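Q: Please take one side chain and look at it closely. Where does it sit, and what lies around it? Then set some other sites beside it, the ligand included.

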Amino acid sequence: MIDTLHEERAVQPFPVLVSLMIRRWLMEGTESVDYYGVGQLLTEDERIFRDRVQNFVDDECMPIIADHFDKGTLPMQLIPRMAEMGLFGIHVEGYGCRRSSHTVYGLACQELGRCDSGLRAMFSVQNSLVMYPIFAFGSEEQKKQWLPKMARGEAIGCFGLSEPDFGSNPSGMATHAEKRGRTYILNGTKMWITNGSIAQVALVWAKTDGEIRGYLVEAGTPGFQSTLIQRKFSYRTSPTSLLVLRDCEIPERNLLPGTKGLKSILQCLNGARYGVACGALGSAIACYQMARAFAVERRVFENPIASYQLVQEPLVRAIVEITKAQLISYHLGRLLDQDRATPMQISLAKLNHVREAMKIARMARDILGARGILADHHVIRHLCDLEAVSTLEGTENIHTLIIGQELTGVSAFRSSVSE
Ligand SMILES: Cc1cc2nc3c(=O)[nH]c(=O)nc-3n(C[C@H](O)[C@H](O)[C@H](O)COP(=O)(O)OP(=O)(O)OC[C@H]3O[C@@H](n4cnc5c(N)ncnc54)[C@H](O)[C@@H]3O)c2cc1C
């Protein structure tokens, strides 16, 4: 009864006009937040691609995303549109995919991240963590079976690596695959799996005789169950799931033959981490744009708040960090395209971009005053989502240790207690 009354009395706090104004603020385009002309370094094809994704985000994603965030649902209707635009299979040559560069992948992540990290995650996982490994490590039969369907958006994939007891240290995983005749029997639990409950295929990492290999598990296989993790306050549009494998029998042809231990996993994570970094930059740009536009229009004590030095300073700090991140992203994309990027360089970008995006989102929420907590003003969505982004694909601590190891030559992943 109380709930019903609450529902009836709920009103839309802002009229349609305000929504349109917010949309205009956010539609200034990425180019308007580019003080070092990084966009001019892109090729014409890359710029055309970026603008296409930017328009898709502004016209088709932004108007519906706050509602989906509120309900905790992924806007599934966007998947066929993304497929039409050639957004699935960016790292794949042939099999119905339009292979492109890492730079282009990063630009797409930035644009999608400007809208919503959960949406960006669906795209990143499909590309970097499922299609790429099938292409790089799969048999011809696996590639033909999955890649064309995934490119058309008719099949979605998920990447099952983390477990309840093994996140930062995946090498300790308990999931195992036992060879029995011409099949493998999988047992174990994978946790926090993006796309898990909407996926037609799961790439599950498991140990066979102590070696980690990748296995393709189709949805509906007996003994395989995926459950949506509920009551999340971050990554609300992303279906994060628990995968349980109990005597799950798969044919031996479902083993990804090219996978060889942790090295194969890290190869997938390199691309994915670059995407996460670029996505966080997109979120930072969205929050900055929102804060700047609001500061110019909002009048308090008879003046626009943008006229106060205390408001200008955080905006300047944000743009300094965004500019540095844009330069890192651009250069890292080019290094990846030339196959010269190191894991340390990727860790540096992930660590830096997410850390700075969190600060910028926090700053923007503050500048927006009370409106900063409304989903329709977008900033609070980014702020909540960045909490998950800081954990997934390696926490800040883990990336610090990767960089520290590179700098000192000493691994600090294990303390003396574990020796
Ligand atoms: C929304 C979301 C989506 C995800 N999607 C996927 C997915 O699609 N597929 C997948 O496989 N996984 C996914 N993950 C899991 C993610 O990769 C893990 O959560 C992450 O690796 C951290 O693992 P953990 O949560 O078990 O934390 P833990 O490993 O338990 O770490 C807890 C804390 O200890 C710190 N810590 C750990 N080791 C050290 C150390 N040596 N030194 C200092 N500090 C340390 C960490 O930095 C962290 O602060 C997702 C997670 C989230 C939140």
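A: Start with the side chain of Ser283, which reaches the backbone oxygen of Gly113 at 3.0 Å. The model is a predicted one, and this distance, like the other values here, is computed from it. Ser283 belongs to helix α8, which covers residues 262-297. Its relative accessible area is 0%. Buried means under 20%, so Ser283 counts as buried.

What else does Ser283 touch, once neighbours within four places in sequence are left aside? Gly113 appears again, together with Arg114, Ser117, His382 and Leu386. Two of these names link to elements described below. Helix α5 spans 102-115, and Gly113 is the partner whose backbone oxygen the Ser283 side chain reaches. Helix α11 spans 379-391, and His382 and Leu386 are among the contacts of Ser283.

Helix α11 leads on to the ligand. It supplies at least two residues of the shell around the ligand, as do β3 (183-194) and α12 (396-408). The ligand sits in the largest pocket. There are 18 residues around the ligand, and Phe159, Ser162, Ser168, Trp192 and Thr395 come nearest. Now the polar pairs. A polar side-chain atom of Ser168 is 2.6 Å from an oxygen atom of the ligand. A polar backbone atom of Phe159 is 2.8 Å from a ligand nitrogen. The side chain of Asn397 places an N or O atom 3.0 Å from a nitrogen atom of the ligand. On its own the ligand exposes 980 Å², and the protein buries 68% of that.

Next, a loop residue. His91 lies between α4 (78-84) and α5 (102-115). At 8% relative accessibility, under the 20% limit, His91 is therefore buried. Beyond its neighbours within four places in sequence, His91 is in contact with Arg99, His102, Tyr105, Asn127, Ser128, Tyr132 and Phe135. Take Asn127 from that list. Asn127 and His91 are 36 residues apart along the chain, and their C-alpha atoms are separated by 6.9 Å.

Asp165 also sits in a loop, between β1 (157-160) and β2 (176-180). Asp165 is exposed, at 67% relative accessibility. The C-alpha atoms of Asp165 and Arg362 are 31 Å apart, with their positions 197 residues apart along the chain.

Thr323 takes us back into a helix, α9, residues 309-337. Its relative accessible area of 9% makes Thr323 buried. Tyr35 and Tyr36 are in contact with Thr323, neighbours within four places in sequence aside.

Last, the backbone. Most residues other than glycine have a negative phi. Asp209 has a positive phi of about 50° and is not a glycine. Tyr235 is not a glycine either, and its phi is positive, about 55°. Are these two buried or exposed? Asp209 is exposed, with 80% relative accessible area. Tyr235 is buried, at 3%. Asp209 lies in the loop between β4 (201-208) and β5 (211-218). Tyr235 lies in the loop between β6 (224-228) and β7 (240-251).

Back to the starting point. Ser283 lies in α8, is buried at 0%, and has its side chain 3.0 Å from the backbone oxygen of Gly113.

Technical notes. Residues numbered from 1 in each chain as written. Predicted model: local features only at pLDDT ≥ 70, side-chain atom pairs only at ≥ 80, totals over all residues. Heavy atoms only, no water. Helix = DSSP H or I, 4+ residues; strand = E, 2+ residues; numbered from the N terminus. Buried < 20%, exposed > 50% of the residue type's maximum accessible area, 1.4 Å probe, protein only. Contact = heavy atoms within 4.5 Å. Near = heavy atom within 4 Å. Polar contact = N/O pair within 3.5 Å; in protein donor to acceptor, adjacent residues only side chain to side chain. Areas by Shrake-Rupley, 256 points an atom, 1.4 Å probe, with all protein chains shown as cover. 1 Å grid on protein atoms, 1.4 Å probe; cavity = no way out; pocket = protein on both sides within 12 Å on 5 of 7 lines; lining within 4 Å. Sits in = over half its atoms within 2 Å of the grid points.
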